[in-house]
Structures are given as C-alpha cells and as structure tokens.
Amino acid sequence: MTLNINHLAIAPILLPLATAAIMVALGERRRTIKAVLGVISTMMTLGIAVSLLLFADSAPAGEPAAISVYLVGNWAAPYGIVLVVDRLSSLMLVLASTVVLAGQLYSIARWHSAGMFFHALVQLLLMGLNGAFLTGDLFNLFVFFEVMLAASYGLVLHGSGAPRVKAGLHYIAVNLAASSLFLIGASLIYGAAGTLNMADLAARVPILPDDERMLMEAGAAILGVAFLVKAGMWPLCFWLPSAYALAVPPVAAIFSIMTKVGIYVILRLWPMVFGVDAGASAFFGGNWLLVGGILTVAFGVIGLLASQDLPRMAAYNVIISSGTLLAAIAAGSSGVTAGALFYLISSTLAVSAFFLLIDLIERGRIPGADVLVVTMEALSEEDEEEPDAADPVGIAIPATMAILGIGFAACALLLAGLPPLTGFVAKFLMLHAMFLPDGVAVGAHEVNGTTPTLGALSWTLMAVLLMSGFAVMVAMARAGVRVFWVPMESTVPKVRFLEVVPIVALLLLCATLTVQAGPVARFMDATAKSIHAPEGYVRGVLDKPRKRPEQPVIDGQPATAPTTTQEVSP
Amino acid sequence: MEIILALSIGALAGSGVWLILRSRTYQVLIGLSLLSYAVNLFIFSMGRLRTDAPPILEKGVPNTLAHYTDPVPQALVLTAIVITFAMTALFLVVLLVARGLTRNDHVDGRES
C-alpha cells in the first residue's frame, strides 16, 4: 500500500505530460478525440489527487501527518529532487484538477475551437501546476513554474485578436522578468544556505551564521517578490486584470488557480523557513505580507467598484481573494491559516464559476450570429421550450435566465462572504481565529516576548475583510441589477447543456463544502497545524531512505540494504 | 576577477532593466535577454569563483570542495539558459504577432 502511494505521487505530473504528448502528435485537427482524451486524463488526475488526499489525511488524530516522499531518480533528499505529498499539496492538487476539469468541459461547447492545441496546452498547464504543488525543491519549483507559465502564455493568447495579444505581451514580459527574480532569489539562497531543498533549508536557517543570514534573507525577499508577482500583490498586480479579463472564459476560469500557486508557495515556504523556530529570522517579512495583503484588498475593491464590464470585475475579485489570503497567511497562526485555506478553496471555485457564468450572461447581452434571440415573454409563456431544431448541437435549457440568475447570486454570496455559502464560513473562521488568544501573531511580531494583543494591524485586517465583503456585495448587486433587471428587451442567451454543467458543478461543490463544513474545517485545521509545525515535513523528507535495488546474492553474501542506507541518510 | 564579474553583471542587468522600461517591443525583448544573461552569470557566481577547479570528481583527489568547484550552480545555469532561451523565442513570436495585428511596435499597440 505504501509502495503504491509512493509511486502515485509522480502520476499527477506524468499523466498530463503523456496526454499532452499524444495530443500534439495527433495534430491540429481531431478536436473531439483530443477533448475526450483531455477530459479522461484530467478526471484520472482528479481521482489520483483525491486518493492522495485521502492518504494524506489518513493519519489518526494526534499522530504526525502522513507524508509520502518520492525520491526522483532515487537520490537521497538534500541532494536529489523530492516530490512530497502532504495535506496541503494534495489539497491543492484536488483543487487544480477540479478547476481545470471545469474549464475543459466548458470549452468543449465552443471555445476550444478558437485556436490551436487548446487541450494540449491545458494538459501541460495541469502538469506544471501539479509539479509546482508536489515538488520539495526550489529549483525544481522554478522549472515547473516555467512549464506552467509557458502553457499559460499559449492559453492567454488562445483566440487571438489585437487586445488579447497586447495583454498577452504584457503578461509574458512581466512573468519573464519575475522569472529572472525567481532565479536570482533561488541562487542567492543556494549561495548563502548551501541547499535548494525546502526541508533542508528549513533545518539550516536557524543555525546560519549572521553574515550568511543577511544574504539568505535578501534571497528570500527577492524570491518572495517573484511569487508575489504571480500571486498578484498590490504594486505587482497591474498585469492581472487585463490578462484575465481578456483571456477566453474557460482559460480565465482555469487561471483562477494560477494566482493561488504563488499563494501556495508562500503558504508552504514562509511558515516552514521563517516560522517560530527560525531563530533570528522568525517571521521575516511578515509585516510586509500583511500590509501588502491589506493594500491588495483595498486596490481590488477600488478596481471592482470602478469596473464596468463583468470580466474585469471577476479579475478584480481574483485580486481581492489574493490579498485576503496574503494578509491572512501573514497573521502567522494556524487558526487563521485554517480559515484562509477554506477561503482559498471557496474563492477559487467561486471565481472560476463566475468567469464561466459571465460568458453565458454576456452572450445574452451582445446578440451574435450564434445566439438565438428569444424574448423574455416568449420564455415565460412556454416554460417547457422544445430544443430548437435550428441548432443541431445544443439543447436549449428552459428557464436559462433563472439558472444564470441563481448562479450569479450564488457567486456574489460566495465572493462577498455572506451566509449561507462557504465564503461566509471561511471568513467567519478567519475572523473567529483572530480573536482567539493564540490567533494574533499579527501585531505581535515586533514586540517579542510580551503577551500578544490585538494590534492595530490586525484590527485593520478585520475591518478590511468585512469592508471588502460589503464592497463586493455592492458591486455584484449593481452589476446584477444592470444585467438581469434593467434591460427591457433582454435576450435569453442560447446556452448548451455542457456549458451549464461545469458552472452548476462548481457551485454545487461549494454548497457541499458548506453542508460538510465541519469535517472540511477539521481537515483545514489539521492542514494548517502541519503547515505551522513543519517538523513532520522536514523529518519526512530528510529521513527518507533511498530504495536499494534488489541486489543479487554475490559470493554467498546477501545484500545488506538496511545498513548501507544508514550512511546515506544524515 | 570578482570585480570584473560583478561589474559585468551590473552592466548587463542595468542595461537590461533600462531596455525593459522602453516603449518598443524589440527593446523589451533585448532587455529581457540581457537581464537573463546577467542572471545566468549571477547564478554561476553563487558557486564561488574558482580557477583550475573542475566540477567533476577525479580519482585520487579527495572529494571536498577545497579541490573542486561547486557543480550545482553550473547545472542550474544550464537549465536556466535553456528555459530563458525558449521563453525568449516565444516572446519573439508574440512580438511579431502583435506587430502584425497592430501595425506598430509600441508595447501598448498604439502610439500615444
């Protein structure tokens, strides 16, 4: 069983890679085959991710978390590359393949034919995402980031057109510059700490000499800037709204997980390397994260209230979600982090569903050749509308507007964090944890030794969380009124069944998470605890023995595998 | 040697950043390339500068860093060169597409 899980850890990388290779070999045509292949591959990845998640969560209460460490090429930990499956990474794997699957299903209705190699690029993106979530090595993280970004460059240009190419050009330039920063940061850390393995780095930081520590912190700060560009923190996020708003809707829906990669890396590295045990470097940069997160939320709110079109609103929701997460992570306590993880799942699913929903809504407002014009009266008179024979592929869904309206309202509730959906549960968990005695590492960073009290920054954070929810509600309500109620001669968009399925599935998933909030919150709590107490992770990676090949018995001497592995592991 | 390397990294990075901030797409491309050269040299220098020290183990020489140079940054540089090369090529393609679509080479697609 352990062996199976161990080898399963690399499957989320290999499976999409192999599928993408087959798709490229299939050529530019045969979209149906590629679409089916892609959906099957992503579903299998999702299945693998879920089984990894169940494995990671299988440790009994009180025990250290179950961690599966895969030594790539069978090189021992600090020297070789490791893939690590724990609660956090498997959770992110499940989220990534869910979002990708939704985008993929949605694209099959029409968007995947807007350009070439859509499905292959999506598979490569999934591979890069999974690799970034699994790897335990800084430079390998860079490689998977680049795989992911290269695929995303192709996807952001999918559909072409001058505005899209312009936004894509900016997106690529910004990300190439950020990749340079990533390399500088990673090599500085290697030069100062002498390791690229995350677990080894966490073990070495507390015992670094002072002159090396300064270099190491500089490297970490530069690395952090690279991740924050990707996560979309305030002064580094001006590329984001245009790129996301102009990407084709399924791509934008998939991209809602991309900013979360930056968040994930910060969530993984910052508490591990600069946690409470990091000696002089404890909570390094925490206040920057906190203030940056608060400013990001403020920027996102202003942008959201100022934007007129729906895709741009969704893009600003991405920024608000990033800012909230950054600020909550910077609070530096496991309680707030647990709420933040819940929020991460909820906001990613909601934004993803929102991007897809916007496409359907916008289709009704701008009647094109492919949009069947049906008046509101006609729809309300005959609810049981027959599938239209003029459109051979799609099935007209009765009460389309009702579904779209309910979907829009659900997205608004999720994004604003109002009851009864997960957005509220997540925000409540975060705010609740901030009031707990051990939940306020926020304002306590600078006053070491004294009992932590609710600092000005944490009050600001709470105010910003609540105000941002209010602002999102105002903006969404305004947009909803404008879209659904104001137009008198509104047209009902022609919506295919396949396009509604992913949206409804994403929103139902959020609803399920709400109903199952207890077990989910327990899981998030366990995840957050293991993030903030990374000894299990560090020991799991560094003590992982190499697997000796089955040595044949030579000269009557049996192979002495266990004793030889002892020399390898430190 | 350290001074020369540091100065050349600085010169490359400085001109790269300056070019990135220019308004023509081709200048941005060259800026990104120069920046990546600077980064590659920087990664290389993180393995400490040594002369006459091979990165590959030899028989009869004790395998400590006193006798060898650190091979890891060299491996990292190779990876980084390959990746930045591919990304620059991709950026060049997008640049040409943008040039074709907007009929000028301003990064915003229009002269302002």
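How far apart do the end C-alpha atoms of residues 75–98 of chain B lie? Select that span in your viewer, remembering that this is a predicted model, and you will find its two end C-alpha atoms 35 Å apart, in a stretch that is 100% helix and 0% strand.

Stay with chain B and select residues 28–47, where the chain is 90% helix and 0% strand and where the end C-alpha atoms are 29 Å apart. Both of these spans, together with residues 6–21, are listed by UniProt, in an unreviewed entry, under "transmembrane region".

Next, colour chain B by pLDDT, for which the mean is 88, with 99% of the residues reaching 70 or more. Confidence in this chain is highest in helix 1 (residues 2–20), at 94, and lowest in helix 3 (residues 71–102), at a mean of 89. For the model as a whole, the scores are ipTM 0.93 and pTM 0.86.

Now move to chain A and select helix 12 (residues 258–273), which has 16 residues and reaches 23 Å from its first C-alpha to its last, close to the 22 Å expected at 1.5 Å a residue. Because 16 of the 16 residues of helix 12 are buried, this helix is largely enclosed by the rest of the structure.

Finally, select helix 18 (residues 422–435) of chain A, whose 14 residues reach 20 Å from the first C-alpha to the last, close to the 20 Å expected at 1.5 Å a residue. Which residues of helix 18 of chain A are buried? Among them are Thr422(A), Val425(A), Ala426(A), Leu429(A), Met430(A) and Ala433(A). As you look along the helix, recall that an α-helix has 3.6 residues a turn, so residues three or four places apart point the same way.

Terms used:
Residues are numbered from 1 along each chain as its sequence is written. Chains are lettered from A and ligands numbered from 1 in the order in which they are written. This is a predicted model: local features need pLDDT of at least 70, side-chain atom pairs count only at pLDDT 80 or more; totals for chains, interfaces and linings use all residues. UniProt positions are given in the numbering used here, feature names are shortened, and annotations may be inferred rather than shown by experiment. Helices (H or I, at least four residues) and strands (E, at least two) are DSSP runs, numbered from the N terminus. pLDDT is the predictor's confidence in each residue, from 0 to 100. The expected span of a helix is 1.5 Å times one less than its number of residues. A residue is buried if 20 or more other C-beta atoms lie within 10 Å of its own, exposed if 12 or fewer, and partly exposed in between; C-beta atoms are placed from the backbone.
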